Amino acid sequence: MHKNQKIIDSVCTYCGVGCDIAALIEDGQIKKVYAKEDGVVSRGKLCIKGKEGWRYVYSDKRIKEARVKKRFFEANRELFATEDPKRSTANSDYFVLPYTEVYDAVAAKIRLVSSKYGAKSIAGVGGARTSCESSYAFQRFLRKVIGSPHIDNCARVCHSPSLAGLKRTVGEGAATNPFDDIMKAEFLLIIGSNTTEAHPIVANRVLEAVKAGTTLAVMDVREIQLSKKANFQLTIPYESNLLVLNMMAYVILSEKLYNKEFIKKRVSGFDAYKSSILSDEYANPELFLKIKGYESLAIKIKEVARTYAKSRSMILWGLGVTEHLDGSAAVSAIANLALLTGNIGKEGAGLMPLRGQNNVQGTCDMGCLPYYAPDYGKPEVEGLKTQDILESAVKGEMKILYNIGEDLSHIHANLSKVREGLSCFEMIVVHEVIEADMTSIADVVFGVKSAYEKRGVYTNAERRLHLSRPIVESDLPDDWEILNEITKRVDGSLEFASQEALWDEARSVIERYAGATYERLSVNNDGLQWPVTADGDTPRLHLDRFRTADGIAKFFYKKYELRGHVKELLDANDDGFYWLTSGRIIAHYNNASQTRSVEKLLSSYSEDIVLISHEDAKKIDMSQRILLRSAYGQSALLKPKESKSIKKGTLYTTFHFRESGINYLFGDEADEITKTSRFKAVKVEIIQ
């Protein structure tokens, strides 16, 4: 190796898989990122984002300054010492000021607003793209420094239903097993997850397991890449997850395939649950004999249920389960299946929600939720969810929004309403590493270190804590450092002496993390799975008892409510509209603010495309772009593409590019408990 070269190990900053990476550094610059063969998560492989996605660090879209919107500066001149600030060369709508002066101004505005309207007029959203340390500091800043209970994060748009659905059944809203248990299962059921695109390194394990003889079932509203390898491919109607999962339980119960001994010892509520399922008119799989185009499900659901019950089985799911009206109930229905059959609390059997963001698990653990304090304790006061925060702003009740790394004006549903809410704040503060939609809306923008430039703990979808190491140097502040500086100026209290002091405080109040010292994480490149005690970590949950108050799990039943696509199919109603769902493509990540700045990633997928069935493609001019319109809004003109993976009357598109306006199509319909938006099903018409 050249004398100016070195290798630094760290963690990938994209999805919730949390791949271990190695970076080749030459003269202080990243030259290559790759996976080491002995990496416990990546196992010698990375997806294209892991290999190439670091290049945004050197993008001309990086934010390396503190920006203040000119309009905000003019309206709040008394907050600033500088009388004639220089304009940003990157964005003509903003001035650039020294960080210290902007810290002063933000703190002064917080004091003024809090004094005039009360601390509850200030809210915080975000944190899942930063470290556990900064997430902990963020919720503490809102709750303890400002005195506001309003703190939320992007789990609101993704896996909040997984937390809610699992917590009320098995007592813990997280994955029960390590990723490697996928290869120890006899049967895998993947539902609502396009795993090869969204979590490709997990998909590698699935493919490896199938090659070794594991049986695979795939349930989705369309055929995906994994469908080609599946023993059972089930294309189900839109919003029918709960329906199908209850049907699986019906088969297991009616054919007496359940584990009586396990249920007797470890689960309560069985008799009531059994009675509810067996008397539910929508739980018999033969209902699908009445649904044209989906008749084969009547047999396939029975076969999948039998195989699941008789095998050492795992269920993996993604946002195709959670982003629905009954997302929380569907997750509980998944847990019910594991409890019925004893497929939990052992090697190769369990429950695995595939988390989307790199640190959304850790951010929830840290307490960045309105109804959970750190370690999922009860907060002193329950705050508002993101949607309610925005509605309160429209009512004039919410005055300041503090946002860390969450592109609210792109990734949330009903964007017309979101943007109305954002326009009503007196001040919006944003931390970001690269230009995104929110950085053109915010009044104050702090450029911060990227994950490649700082130390911090990230918790992946299997509860594994990794200590990320800085790959390259940067003199930009970290998120927690900015919060620290503003804290000093708000009231001079509750600041952290160092990042390690911050982490030690977090560990002292978060039992799951208690034993995860920097020292232990530094010497353990494989990471540690929480709960982490002084004696070790916990690869599998619920081995002897569930993480409930009495150690006993509970069945939770919710009846499927006939509606939407299923009702239309039963009624043979064809109104000329289409059912649209949205999802990810492997080359891009979420709002694509980072990945679109990488030439290789952008060139492989440069716009959002709408997939249309062969039958429906005959009805439109496929050489022309189309516009999608729903009851809530419309998209931009989009490129259509014919696909055999889509069933008649349905459409699929990605949402990565803000210019496409995909999320204007979705309304306020959401999971009844968590308000997670119904991103996976909306009626649209095609306009040409």
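**A salt bridge, a small sheet and a charged patch**

Okay, let's start with E426, which counts as partly exposed at 29% relative accessibility. For the cut-offs, buried is under 20% relative accessible area, exposed is over 50%, and partly exposed is in between, with a 1.4 Å probe and protein chains only. What you're looking at is a predicted model, where local features need pLDDT of at least 70 and side-chain atom pairs pLDDT 80 or more, while totals for chains, interfaces and linings use all residues. Numbering runs from 1 along each chain as its sequence is written, and side-chain values use heavy atoms, leaving out hydrogens and water.

So who does E426 pair up with? Its salt-bridge partner is K109, with the closest N and O atoms 3.3 Å apart. E426 sits in the loop between α17 (415-422) and β16 (427-432), while K109 belongs to helix α3 (residues 99-117), so this contact ties together parts 317 residues apart in sequence. Helices and strands here are DSSP runs, numbered from the N terminus: H or I over at least four residues for a helix, E over at least two for a strand. K109, for its part, counts as buried, at 9% relative accessibility.

That's one of 49 salt bridges in the structure, each being a Lys or Arg side-chain nitrogen within 4 Å of an Asp or Glu carboxyl oxygen. Another one joins K488 and E495, at 4.0 Å from N to O. Both ends are partly exposed: K488 has a relative accessible area of 34%, and E495 has 38%. Then there's K567 with D571, where the closest N and O atoms are 2.9 Å apart. K567 is partly exposed at 37%, and D571 is too, at 46%. Back to K488 and E495 for a second: through shared partners, salt bridges link them with D104, E485 and R489 in one network.

Next, the sheet. It's an open one with three strands, in the order β18-β19-β20, paired antiparallel. On the edges we have β18 (456-459) and β20 (528-529), each pairing on one side only. Pairing here takes at least two DSSP bridges between two strands. β18 runs antiparallel to β19 (residues 464-468) over four bridges. Going through some partners, V457 bridges to L467 in β19, and G456 stands opposite S468. These two strands make a hairpin with four residues between them, and R463 in the turn has a positive phi of about 70°. Over on the other side, β19 and β20 share two antiparallel bridges, with L465 opposite L528 in β20.

Is β19 buried or exposed? Five of its five residues are buried, so the rest of the structure largely encloses this strand. Both faces are covered, with R464, H466 and S468 buried on one side and L465 and L467 buried on the other. As a reminder, side chains in a regular strand alternate between the two faces of the sheet.

Last stop is the surface. K211, K228, K229 and K644 form a positive patch. To qualify, residues need over 30% relative accessible area and no salt bridge, and like charges are joined within 9 Å. K211 is in helix α7 (residues 200-211), and at 79% relative accessibility it counts as exposed. Right, that's my tour, so over to you.

Methods:
Patch = residues over 30% accessible without salt bridge, like charges linked within 9 Å, V, L, I, M, F, W, Y side chains within 5 Å. Areas by Shrake-Rupley, 256 points an atom, 1.4 Å probe, with all protein chains shown as cover. Lys, Arg positive; Asp, Glu negative; His and termini not counted. Charge placed at Lys NZ, Arg CZ, Asp CG, Glu CD.
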